[in-house]
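Biologist: I would like to learn how to read the place where two chains meet. Could you walk me through it?

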There are 2 protein chains.
Amino acid sequence: MSIMKEALKTFEEHLKLNKMRMTQERRQLFSLVMSLKTHFNSEEVLEKIKKKNLQVSRATVYRVLPVLVKANLIQQSLLQEGQAHFEVKWNKDHHDHLICSVCNKIIEFKDNTIEILQREIATKYGFYLEDHVMELVGKCKTCKKN
Amino acid sequence: MSIMKEALKTFEEHLKLNKMRMTQERRQLFSLVMSLKTHFNSEEVLEKIKKKNLQVSRATVYRVLPVLVKANLIQQSLLQEGQAHFEVKWNKDHHDHLICSVCNKIIEFKDNTIEILQREIATKYGFYLEDHVMELVGKCKTCKKN
DNA sequence: CACCTTATTGAGACTAAATCTCAATAAAAA
DNA sequence: TTTTTATTGAGATTTAGTCTCAATAAGGTG
């Protein structure tokens with residue numbers, strides 16, 4: 001089964017489990033959002049909808065994105081500068097971010113040792129760890145020179 | 001020299017360096033903000049101003065907090081739920097946060113091994129590391145039980 | 001299939017947080 | 001003391017997101 005179909009099934013199951021209905025709008029948003037390769041925010045999704053002449057309103061976008069988050073298909077990232085940022089999570093390994101303070105370039109990385117240490121810290125303080133955010137901010141290779 | 005006086009000097013130097021002026025309003029905000037022990041947001045600062053009958057407007061609060069950030073006296077934390085959050089940074093060790101997803105309790109911690117690993121990661125990707133945010137989200141000891 | 005219940009939608013009003021405008025004021029340099 | 005120019009406050013404005021409610025449509029049931 002293709003990755004997209006599996007993701008769609010996950011979405012459908014999440015909806016059913018919560019007595020929610022699969023609608024044209026949700027299907028359209030699902031396809032649009034899941035095909036995005038980079039970070040995006042709600043307004044960008046809205047723009048793409050207009051460009052493609054899809055019939056999904058602003059209110060619905062703002063209502064469905066959190067549903068996709070709950071279904072574990074996308075995740076909200078905390079590196080917001082005003083607007084809520086999202087990225088596709090489905091079928092992707094967890095990763096953290098290096099962010100350039102000059103050009104805003106985002107590089108993804110993963111470090112297992114840090115993840116282990118994080119779990120140890122949580123345990124030490126009696127926390128049950130659900131999630132984490134780690135963002136390293138600095139100047140990228142290119143911007144460092146200038 | 002007292003810690004507060006040193007911080008004030010830092011503030012004054014930052015202002016002079018940027019051709020900015022020390023004003024009554026900035027002095028008042030400096031004192032108010034630097035005495036805060038916990039995380040705070042702009043509206044909370046505004047409330048405290050009203051309670052103390054200080055003469056500082058909303059616009060000025062929103063203008064001066066970023067100046068205090070640039071002067072390295074406070075830092076903006078990214079765990080915002082809508083509003084921009086700040087905390088005093090001056091004279092405090094860097095630390096990261098454990099946040100309870102139920103009661104929003106914040107626990108500060110510091111882990112040197114992680115900091116070293118972070119620097120290694122930055123180097124690996126050619127970044128000059130300026131700052132980082134790490135937030136572990138989960139259920140705290142108390143909320144875990146319920 | 002037809003019916004019925006109820007979740008969902010869209011348009012636009014509304015809200016909250018933050019920013020902008022511009023004339024009046026006050027720092028600090030001259 | 002005068003002059004220059006950064007800063008301020010009041011309120012208008014913007015931005016991002018939420019809310020309302022009548023109309024619609026999903027999807028279970030007979």
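**Where the chains meet**

Modeller: Gladly! Keep in mind that this is a predicted model. Start with the strands: β6(A) and strand β6 (residues 128-139) of chain B pair in the antiparallel sense, over eleven bridges. To see one facing position, find V137(A), which stands opposite D131(B) in β6(B).

Biologist: And how many residues does each chain bring to the contact?

Modeller: Chain A brings 34 residues and chain B brings 34 residues.

Biologist: How do I judge the size of an interface?

Modeller: People often quote the accessible area that is lost when the parts come together. Here, about 3100 Å² is buried between chain A and chain B, and carbon and sulfur atoms give 66% of that area.

Biologist: What about charged partners: how many salt bridges are there between chain A and chain B?

Modeller: There are two salt bridges between the chains. A salt bridge joins K139(A) to E130(B), with their closest N and O atoms 2.7 Å apart. As for polar contacts, 14 residue pairs make them between chain A and chain B, counting pairs with both residues at pLDDT 80 or more.

Biologist: Which elements of chain A supply at least two residues each to the side that touches chain B?

Modeller: They are β4 (96-100), β5 (106-109), α5 (112-124), β6 (128-139) and α6 (141-145). β6(A) gives the most, with twelve residues.

Biologist: How do the residues on that side of chain A divide into nonpolar, polar and charged?

Modeller: The side of chain A that touches chain B has 19 nonpolar, seven polar and eight charged residues.

Conventions: Residues numbered from 1 in each chain as written. Chains lettered and ligands numbered in written order. Predicted model: local features only at pLDDT ≥ 70, side-chain atom pairs only at ≥ 80, totals over all residues. Heavy atoms only, no water. Contact = heavy atoms within 4.5 Å. Buried area = accessible area lost by both parts, 1.4 Å probe. Salt bridge = Lys/Arg side-chain N within 4 Å of Asp/Glu carboxyl O. Polar contact = N/O pair within 3.5 Å; in protein donor to acceptor, adjacent residues only side chain to side chain. Helix = DSSP H or I, 4+ residues; strand = E, 2+ residues; numbered from the N terminus. Nonpolar A, V, L, I, M, F, W, Y, C, P; charged D, E, K, R; others polar. Pairing = 2+ DSSP bridges.
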